[in-house]
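Please examine the packing and the nonpolar cores of the model shown here.

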Amino acid sequence: MKKDTILTGIRVNGELTLGNFLGALLPMVRLANKHSSDHNINIFVPDLHTIIASVDGDLQKNLVKTIKYYLAAGLELGENVHFYRQSYVPAHSELTWILDCFAHMGEMRRMIQYKEKSDGDKDTANVGVFNYPVLMAADILLYSAKFIPVGEDQFQHLELTRDLAMRFNRKFDTEIFTVPAPTHEQVKFMNLSDGLRIRDLVNPEKKMSKSSPNEKAKILLSDDPEVAAKKIMSATTDSLGRVQFDMFNQPGVSNLLQILALLRDEPLESVVNAYAGETQYGDLKAAVATEVKLFLSDFQARVAEISDAKVSTLLTTGETYANEVAGAKLLEVQKAVGLR
Ligand code: TYM
């Protein structure tokens, strides 16, 4: 029987944040360890997506480090676990072009990340920023992926991927593309009640982002654990004086509860219950700060133990697999549109 595929990717611009880790990397690792006996686990580095933002000399270094992060987070390797770089599988770029010819300007213009990233300079924003959701759709459709663990900010791109797949299948009366599961099923598969959006520690209305210029607003996976703990202790909360999970009215406190639950791998509910009735946030902050500090020291020590050679071997093997799977899917698509 054909195995379903679980797939994800994280861009490698600069250092990853705790948001990337808790929103995508850790869910992927947990899902992989649970399902790798009967699912393909595809973990790739979207290096082509990475160059839509600043192109610096650190791409290769960041790429290797990101793969080490999956291993340090406890990913168990096995014959169904595959690592690859997007640019080493040319089918991604080729399918993007073909899908471009099926994507509508209107739906692309509505992509929130495009609107945010090109805000204020629509005329000089690069075309890659506009087109990147189509490349993301190609990343997913080439491998017939059904589940794509990502943070909530990527859900709109998953919906676009579904729309493109269904449009293409309908047009050619085929089932060439596997349509990824709808968002609510993705969330359920990750064992969550909602998509994840870890918040900025200074302005919890916003998501925690690598590109934030304020160091106190984000925790980087390379942060000194003591410094990270201090950032948690000084995180913005509110003056309501009650600990409850309410992202709308109490995003700062809710964010801390969320971080604690994810790091401890405990249900959010039980973490919330543990603080029920407290009118001060000190204990909660101290607990999160300790948890983050322990996590970072342990994690960083594990990362340091993984060799570059190990990463290199994983990529070489994974890219042979990826080129085979993606090449075969691309050929089906090329035939459908009349290119072959
Ligand atoms: P990227 O590189 O911006 O982010 C990587 C992953 O981290 C998640 N994330 C967060 N989750 C929760 N809270 C946050 N504050 C937070 N910040 C980031 C993102 O949702 C994402 O899952 N286009 C994608 C990369 C990509 C991809 C793909 C993902 C390219 N092709 C195919 C899955 C499948 C991106 O730019 O994510």
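Axes are lines fitted to C-alpha atoms, for helices over the stretch in contact (heavy atoms within 4.5 Å), and angles run from 0 to 180 degrees between N-to-C directions. The model is predicted: local features need pLDDT of at least 70, side-chain atom pairs count only at pLDDT 80 or more, and totals for chains, interfaces and linings use all residues. Residues are numbered from 1 along each chain as its sequence is written, and side-chain values use heavy atoms, without hydrogens and water.

Q: How are H11 and H13 oriented to each other?
A: Helix H11 (residues 251–264) and helix H13 (residues 282–305), both DSSP runs (H or I, at least four residues) numbered from the N terminus, pack at about 40°, with axes 10 Å apart. Angles under 35 degrees count as roughly parallel, over 145 as roughly antiparallel, 65 to 115 as roughly perpendicular and the rest as oblique. H11 and H13 are therefore oblique.

Q: Where does the largest nonpolar core lie with respect to domain 1 and domain 2?
A: This core (buried Ala, Val, Leu, Ile, Met, Phe, Trp, Tyr and Cys residues joined through side-chain atoms within 4.5 Å) has 68 residues. Helix H1 (residues 18–35) gives its largest share, 10 residues. Domain 1 (4–196 + 307–337) and domain 2 (215–303), with bounds from an automatic or database domain assignment, both contribute residues, so the core lies between them.

Q: Is Arg-85 buried or exposed?
A: Arg-85 lies in strand E3 (residues 81–85), a DSSP run (E, at least two residues). Its relative accessible area is 13%; the classes are buried under 20%, exposed over 50% and partly exposed in between (1.4 Å probe, protein chains only). Arg-85 is therefore buried.
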